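I opened my notebook to look up how one chain is put together. I will take the surface, then the layout, the core and one pair of helices.

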Amino acid sequence: MMDNPVTHVVLLNTQANVAATRDLGTRIRERFRVHGIDIEIRVLAKGDDIVAVARRAVAGAPDVIVAGGGDGTVSAVASAVVGTSATIGVLPLGRLNHFAQEIGLPVDVDSAIGSICSGLVTRFGVARRLPHTLHTTSL
């Protein structure tokens with residue numbers, strides 16, 4: 001572990017068009033460490049309620065909750081983060097990654113992690129259509 005406190009929690013949805021391997025988690029952890037950020041990775045299992053998992057992560061008061069997955073994962077994590085002091089980071093690992101592309105995020109893992117670690121924040125709108133929260137690119 002690094003001396004820095006964990007300020008980033010990565011919710012990793014391995015069902016989002018990537019092989020569920022230890023290598024992916026290791027690669028993600030190493031890339032964040034290159035930027036001086038120690039992370040906690042929570043791997044989402046098939047059938048997990050992503051919104052509930054994200055809400056538990058938000059309750060720990062990290063600065064950033066990273067949605068590692070596709071557009072559905074991003075939307076679910078956004079539902080938990082909206083209205084809190086946390087920032088959502090996007091690690092596009094899905095098939096289409098519309099949200100990441102729409103707001104100009106890189107879709108390769110290393111560049112996306114670099115963007116998250118840069119601290120640059122892009123604001124986007126959300127709307128609620130109960131029980132879901134939709135980001136503006138979904139409207």
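**Surface.** Before I read an area, I need its meaning: accessible areas come from the Shrake-Rupley method with a 1.4 Å probe. I also note that this is a predicted model. I looked up the exposed area of the chain and found about 7,600 Å². Carbon and sulfur atoms supply 49% of that area. I then checked burial: 41% of the 139 residues count as buried.

**Layout.** I listed the secondary structure and got five helices and six strands. I read them along the sequence as β-α-β-α-β-α-β-α-α-β-β. Next I looked at contacts between residues at least 6 apart in sequence. Of these, 63% join residues at least 24 apart.

**Core.** Which residues touch the most other members of the largest nonpolar core? I found L11, I65, V74, V77, V81 and I88, in a core of 21 residues. I traced where the core comes from: β1 (8–13), α2 (50–59), β3 (64–69), α3 (71–81), β4 (87–92) and α4 (98–102) each supply at least two residues. The largest share, six residues, belongs to α3. I recorded a second, separate core too. That one has 17 residues, including L24, I37, V64 and L91. A rule from my course fits here: in soluble globular proteins, nonpolar side chains tend to be buried together.

I went back to L11 and listed its contacts, leaving out residues up to four places away in sequence. L11 touches, among others, V53, A54 and A57. I65, V66, A67 and V77 are also on the list for L11.

**Helix α3.** How many residues of α3 are buried? I counted nine of its 11, so I wrote "mostly covered". The buried ones run T73, V74, S75, A76, V77, A78, S79, A80 and V81. After α3 I met G83, whose phi is positive, near 85 degrees.

**α2 against α3.** Two packed helices are described by the angle between their axes and the distance between the axes. I looked up both for α2 and α3: the axes come within 8 Å and cross at roughly 45 degrees. Angles under 35 degrees count as roughly parallel, and 65 to 115 as roughly perpendicular. α2 and α3 are therefore oblique to each other. I noted the crossing of α2 past α3 as right-handed. Where they meet, α2 brings I50, V51, A54, R55 and V58. From α3 come T73, A76, V77, S79, A80 and V81.

Note on methods: Residues are numbered from 1 along each chain as its sequence is written. This is a predicted model: local features need pLDDT of at least 70, side-chain atom pairs count only at pLDDT 80 or more; totals for chains, interfaces and linings use all residues. Side-chain values use heavy atoms; hydrogens and water are left out. Helices (H or I, at least four residues) and strands (E, at least two) are DSSP runs, numbered from the N terminus. Buried means under 20% relative accessible area, exposed over 50%, partly exposed in between (1.4 Å probe, protein chains only). Contact means heavy atoms within 4.5 Å. A nonpolar core is a set of buried Ala, Val, Leu, Ile, Met, Phe, Trp, Tyr and Cys residues joined through side-chain atoms within 4.5 Å. Axes are lines fitted to C-alpha atoms, for helices over the stretch in contact, and angles run from 0 to 180 degrees between N-to-C directions. Angles under 35 degrees count as roughly parallel, over 145 as roughly antiparallel, 65 to 115 as roughly perpendicular and the rest as oblique. A crossing is left-handed if the near helix is turned anticlockwise from the far one by less than a right angle, and right-handed if clockwise.
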